[in-house]
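Reader: I would like a close look at a single part of this model, with the cut-offs behind each term stated once. Please take one helix and follow it outwards to its surroundings.

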Amino acid sequence: MRKILALTLALAMSISLVACGGTDASSSQAASSEAASSQAAGSEAAGSEAAGSEAAGSEADAAATSDLRVDVFYYNFADIYISTVRASMDEQLKAMGIEPNNWDAAGSQPTQSDQVNTAITAGSDLLIVNIVETSTSDPAKDIVEAARSANIPVIFFNREVADNDVINSYEKCAFVGTNAPDAGHMQGEMIGNYLLENYDAVDLNGDGTISYVMFKGQEGNAEAEARTQYAVEDADAILTGAGKPALAYYDPNAATKYLVDTAGNWSAQAANDYMVSLLGSYNEDSGNMIELIICNNDGMAEGAIAALQNVGYNNGEGTTIIPVFGVDATDSAKALIKAGNMTGSIKQDAVGMASTILTLVQNVQSGAELMANTDQYTVDSDVAKIRVPYAMYDASSAD
Amino acid sequence: MSNESKSLAAKSGKLDAKRIGDLLVNNALIIIMLVVAGYVAVTQPSFLSPRSLINLLTLTAAYLPVALGIAGCIVLTGTDLSAGRAVGITACISASLLQAADAANKMWPNIGTLPIPLVIVIVVALGALIGAFNGFFVAKFKLHPFIVTLATQLILYTVLLLYVQAGNNNGMAISGLDAGYRNFVVGNPPLLTFPDGQGGQLQIPNFVIYAVLLTALMWFIWNKTTFGKNMFALGANEEAAKVSGVNVLGTTIAVFALAGAMYGWAGFIESARIASNTANTGLNYELDAIAACVIGGVSFVGGIGKISGIVIGVIMLRLIFVALPLVGMDQNLQYAIKGGIILFACALDMRKYLVKK
């Protein structure tokens, strides 16, 4: 009897829980629709044209929710930049009436390969892949083969498939991303110019050279390699061109001129760990403070800044600012830059990346060639790779 | 019918209800699995398509060896955190020894491509050696396996990081594998190729067969050998086992070494299956394997576990992996659901144990 009572109670509790969940969902839905309508109102105020296109979008939305099954594979949900791309992809795909299936590989190529095969068996119509493994194209090749045997298009994005033959081997295959070395070149240029303008302020110990540390996101990743190399080389070129000495790595005896996230996750945590331990032996009291911090991405830059803030640097007005440079211009990095706690970043245009991919998705939806309607983009001459341009981002940048 | 027989019948009816209840609870996971599978099949009929089922089968086969190995450690009331890194190092070694002769950045240019059986022997032996190392410290110094294997995991990661930077590799992914090797693992025999009815072919890769053989072998070792009996005796009650003449040191080392050999095999398979091997290969495989074992009823209490349970556990985890996205479940929720199932499975498991007590 007591058992039955307990069971009934438990049942009642779980039902009430579900009911609560239900109201929760509906109330949040209401909230979001409210937000949407206020957004619409805002854009109306901003420009009737924008509002018009939005209305058209929602009309199409109402008219026909597409039955195109689109699977998007992200290399890691935990990556900040990738999260912004995901947010913008979701929004734009939903505007097209497509409900994307998002997959998280959590930084593991085996997981991703399994996910791709699973999605194909589930009847996917289009694969959009943010490949995990970039130092070799073999996993990408396997994915292309799987897509070919199922006769569905595959779009790689952001993390480049280096081997052009893999992309070229299948006519329904394309890549959308940046030209990796550009980020490094641009970061180097930005650093060089910044230092020329602020040389004496940056040179804390007044020894005439700037000591720096480089945080590398991952060993063996083409983008990380390029950024690590060119950021320093190009900055050096600008400095020596203006008669200043080249940058000096903080530890002249180091075997490699960078500290790398050994887990290969480009993580803030790794940069933070390094920075905290560096600050123990390299500081102003010993006259060997690190005067410049270059990071492969903004996540690592934020990690380094957090470590600096622990010991009273880079904390707004009145504190000494160690220049920190990142790549990606994520929202949180932008906030840091606007507050003056970070110096610059290279903007990877998440919205632009998403909208470029969307052009290809539309092609698939309308049954056109995968690479149709791409004249306005920068496309490599010998391979179906669309390049989304980078841009510099510092305190003077808009937005 | 007399009153007496009526009450007897009622009694037996009651007994039956109780028995059915027990049966339901004891097989709750299988029932849940079937319910989930049924739900997915109804909402997404493509889930039951042969292609999709073969996908589930191959995924299960891929993750089975590590679970089969780690289960032995759990039966000894232990665990093995070094499994993932052991898979990583053996995968990288397999790949580096079996790169095609003309691969770009061939890691060891002077050795060509070694024969496949030799490489299997090397990596399985290396895995067994790593396991024996774990087992030795566990048995000899009475250290908890959690501590020993945590240490081994870290040591192996260093070895792995150094290894991927060795030779011509410079920390890049080890790829460009020999076609014969990939074919040996992911290729498929004509016997297991079926037409899919739409002009295509359904292919079951070789490593599924290997996984079946491996499961049979492990079943034999666990159930039909003295070593298997000793392992369960030791896991259930070390003192009692010792008194009855079980060699604790030898058995512990052998259990961990057997687990290590499984990781070596898993590394050999994973290497060709994924075709790209980095220092991250194998990361966290042990957690999935441990989860599969406890879901399948291999108890951390020790001395309890069945091979069939492990297989079910692995299928269950892969089912979550395959099914949740199929029904349009948010990927963010996947981890919470996995966690919930592990908790539920273990609670159920302990409940059985407490009742027994």
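Author: Helices (H or I, at least four residues) and strands (E, at least two) are DSSP runs, numbered from the N terminus, and the expected span of a helix is 1.5 Å times one less than its number of residues. The model is a predicted one, in which local features need pLDDT of at least 70 and side-chain atom pairs count only at pLDDT 80 or more, while totals for chains, interfaces and linings use all residues. Residues are numbered from 1 along each chain as its sequence is written, and chains are lettered from A, with ligands numbered from 1, in the order in which they are written.

The part chosen here is helix 3 of chain A, which has 16 residues and reaches 23 Å from its first C-alpha to its last, close to the 22 Å expected at 1.5 Å a residue. Just after helix 3 of chain A, Gly97(A) takes a positive phi of about 85°.

A residue is called buried if 20 or more other C-beta atoms, placed from the backbone, lie within 10 Å of its own, exposed if 12 or fewer, and partly exposed in between. In helix 3 of chain A the buried residues are Tyr81(A), Ile82(A), Thr84(A), Val85(A), Arg86(A), Met89(A) and Leu93(A). An α-helix has 3.6 residues a turn, so residues three or four places apart point the same way. Taking contact to mean C-beta atoms, placed from the backbone, within 7 Å, the buried residues of this helix pack against strand 1 (70–74), strand 2 (101–104), helix 12 (331–338), strand 11 (344–348) and helix 13 (350–366) of chain A.

The wider setting is given by the domains, whose bounds come from an automatic or database domain assignment: chain A is divided into domain 1 (72–177 + 358–390) and domain 2 (181–348). Their C-alpha centres lie 32 Å apart, and 10 residues of domain 1 of chain A are in contact with 18 residues of domain 2 of chain A. Helix 3 of chain A (residues 80–95) gives the most to the side of domain 1 that touches domain 2, with 3 residues. That side of domain 1 divides into 4 nonpolar, 4 polar and 2 charged residues, where Ala, Val, Leu, Ile, Met, Phe, Trp, Tyr, Cys and Pro count as nonpolar, Asp, Glu, Lys and Arg as charged, and the others, Gly among them, as polar.

Beyond the domains, the contact between the chains takes 26 residues from chain A and 25 residues from chain B.

Technical notes. Contact = placed C-beta atoms within 7 Å.
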